[in-house]
Amino acid sequence: MNTTFVERKQITEEITADNTQLSKQTKISVKDLNLFYGDKQALYDVSINIKEKEVTALIGPSGCGKSTFLRTLNRMNDLIDSVKINGEIIIDGDDIYRSNDVIKLRTKVGMVFQKPNLFPMSIYDNVAYGPRMQGIKNKSKLNKIVEESLRGAAIWDEVKDRLKSSALGLSGGQQQRVCIARAIAMKPDIILMDEPTSALDPISTLKVEELITTMKNDYTIVIVTHNMQQAARVSDRTAFFLSGEIIEFDETSKIFSMPNDQRTEDYVTGRFG
Amino acid sequence: MTSLPLKKETEKIGKSNKRKYRLEKFSGNLFLFCALLSVISLLLIICFVFYKGAHPFLAEGYRFLDFLLGSDWVPSEDKFGILPMIIASLYATIGALIIGVPIGLLTAIFLAEIAPKSIAKIISPAVQLLAGIPSVLYGVFGLAIIVPFLQNHLGLIKGQSLVAVILVLAIMMLPTVVTVAETSIRAVPKTYREGSLALGASPIGTIFKVVVPAAKSGIMTAIVLGMGRAIGETMAVILVAGNSLIIPTSLTDSVRPLTTNIALEMGYAFGTHQEMLFATGIVLFSFILILNFTLARISSKGGN
């Protein structure tokens, strides 16, 4: 940690940024997390501290457990009957597997999926869905949330005239940004993204990436990606997963320029994966 | 020298190919004939029913409106009014829908969304088996269980009544409603559920706000099919309806729906009386046609 700090200090522009980074608090603390699908173990002793208001990228080859790990953070794995988990995940001081309030957890930890999964209803209703489920009925309040969320996802100007038309009429890239708006509408602290651009064209991908870099001022973002350039472009820190273990977790610049582990280097230089 | 056997060869091939082509053509026509059989049967039935049923109105001077809106059905006195039966059919169908649809939908939701696999494995085949029970057995069940129950607990003199018909029809439409609705609910993409749950919605909230609306057209189809089943059912209804020719004013009245009128009297009717029964069939057939058109519209909308 110290050496990185010294190296980085030489870049004067980043000094201030770096100072704030030092003071950043740990938002998600994972300790010795093991996960089993039935008898098959998918995660081995995963421990990682994710800092607030940063973008943390999870990279690794297919089947390495990065998506599985991401889904433990808002307990989406609960949907699969055979999953068993031990270890602890602490978010803001609460062990999320000890406390049983999954609904509260998921309002705090939003998620954007691999493929845009807007509901077959209007754009407005999609974004207002979460707040309505929380019991917000006041129209002007909902209007405000919808507008703020769509602005937050940089899609307001594109959809403001067609809020009442079906969300499924939008392009894939627009849909994915509305998905992000839908997640933002819940005012979460953390947003999980599971390969959010893998189904998008390059231009839409660029827009989503720009959005992610602006969003980190307000949210802690954990993003799974297959695309190493994307991890390099958008993330502050990167964790490299292999066969259910975290091989290396460090600042993104370090992972991509001088990783400690040979396997990380092999992966980021494209020797396998 | 060499050309001769060659020619023979090609001739041989040509012959066997000719046979192949003939067989090809023949099987094509055979398939077409089979496919046309159902269409032909449909046309024959329609023509026959309409020919017989329309005769009194076209050739014998009866007025169709009197037939539809007349409240007396006394064939011996030349009175043919089927309004009581139309009303009985509608009441019975609507009543069965009111009871059967909610139960069927909740069952479908339970099976598709909530039930653990082990329980769904027992209930699903049970519901499907319900569809295979001959309708006369439903009638016998109604007569042996529901009718005495109504007599004992509602103090009716005669348990055969509109409410008995409604209960039997509600049970009979369950398999249709459950199976079709369950299939359409299962067809809703998993990603919708995940998206909703990830937004902090409860599982039940997810079902009613996202899954069921997404399966709407399939569920509407289930309801319409269940309705078709109820309105066309004859055998089970005869046994529990009581078959009185009155316009029902309460649930406990004895009723005679359209279908049972035909089945009860066709055996001995002749002349105009028989033709009027065919005309009753036309009315019934029109109801079914309307239902089918609604169904077609629903499914074409669902496709969009």
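A:A154 is partly exposed, because 17 other C-beta atoms lie within 10 Å, a count between the 12 or fewer of an exposed residue and the 20 or more of a buried one. The structure in which this residue sits is a predicted model. A:A154 belongs to the loop between α6 and α7 (156–159) of chain A. Its backbone is notable for a phi near 55°, a positive value in a residue other than glycine.

A second loop of chain A offers a parallel case. A:K53 lies in the loop between β2 and β3 (55–59) of chain A, and its phi is near 50°, again positive in a residue other than glycine. A:K53 has 18 C-beta neighbours inside 10 Å and therefore counts as partly exposed. A third loop, the one between α5 and α6 (139–152) of chain A, holds A:K137. Here the count of C-beta neighbours inside 10 Å is 8, so A:K137 is classed as exposed. From A:K137 to A:Y97 the separation is 40 residues in sequence and 31 Å in space, taken from C-alpha to C-alpha.

The strands of chain A may be considered next. Four of them, in the order β2-β1-β4-β5, make up an open sheet of chain A with antiparallel pairing. At its edges are β2 (40–51) and β5 (94–95) of chain A, each of which pairs on one side only. Strands of a sheet pair through backbone hydrogen bonds, in either a parallel or an antiparallel arrangement.

Strand β1 (residues 26–37) of chain A pairs with β2(A) in the antiparallel sense, over 8 bridges. The register can be followed residue by residue. A:V30 stands opposite A:I48 in β2(A), A:L35 has A:L43 of β2(A) as its bridge partner, and A:Y37 is matched with A:K40 in β2(A). The hairpin of β1(A) and β2(A) has 2 residues between the strands, and within this hairpin A:G38 adopts a positive phi near 65°. β1(A) is also joined by 8 bridges to strand β4 (residues 83–91) of chain A, and the two run antiparallel. In that pairing, A:S29 has A:I90 of β4(A) as its bridge partner.

Chain A also meets chain B. The contact draws 17 residues from chain A and 13 residues from chain B. On the side of chain A that touches chain B, α4 (102–108) and α5 (123–133) of chain A each supply at least two residues. By class, that side of chain A comprises 9 nonpolar, 5 polar and 3 charged residues.

For chain B, the records provide a frame. An unreviewed UniProt entry annotates as "transmembrane region" residues 28–51, 82–115, 127–150, 162–181, 230–251 and 276–295 of chain B. Within the model, residues 28–51 of chain B are 100% helix and 0% strand, with end C-alpha atoms 34 Å apart. Residues 276–295 of chain B are likewise 100% helix and 0% strand, and their end C-alpha atoms lie 29 Å apart. UniProt, in an unreviewed entry, also places the feature "domain: ABC transmembrane type-1" at residues 86–295 of chain B. Over that span the chain is 80% helix and 0% strand, and its end C-alpha atoms are 21 Å apart.

Two helices of chain B deserve a detailed description. Helix α3 (residues 83–114) of chain B contains 32 residues and reaches 45 Å from its first C-alpha to its last, close to the 46 Å expected at 1.5 Å a residue. Within α3(B) there is a kink of about 30° at B:G100, shortly before the proline B:P102. Helix α6 (residues 162–186) of chain B has 25 residues and spans 35 Å from its first C-alpha to its last, close to the 36 Å expected at 1.5 Å a residue. In α6(B) a kink of about 35° lies at B:M173, shortly before the proline B:P175.

Is α6(B) largely enclosed by the rest of the structure or largely exposed? Of its 25 residues, 23 are buried, so α6(B) is largely enclosed by the rest of the structure. An α-helix has 3.6 residues a turn, so residues three or four places apart point the same way.

Key:
Residues numbered from 1 in each chain as written. Chains lettered and ligands numbered in written order. Predicted model: local features only at pLDDT ≥ 70, side-chain atom pairs only at ≥ 80, totals over all residues. Helix = DSSP H or I, 4+ residues; strand = E, 2+ residues; numbered from the N terminus. Expected span 1.5 Å × (residues − 1). Bend = angle between axes of the 7 residues up to and from the residue. Contact = placed C-beta atoms within 7 Å. Nonpolar A, V, L, I, M, F, W, Y, C, P; charged D, E, K, R; others polar. UniProt positions renumbered as here; feature names shortened; annotations may be inferred. Pairing = 2+ DSSP bridges.
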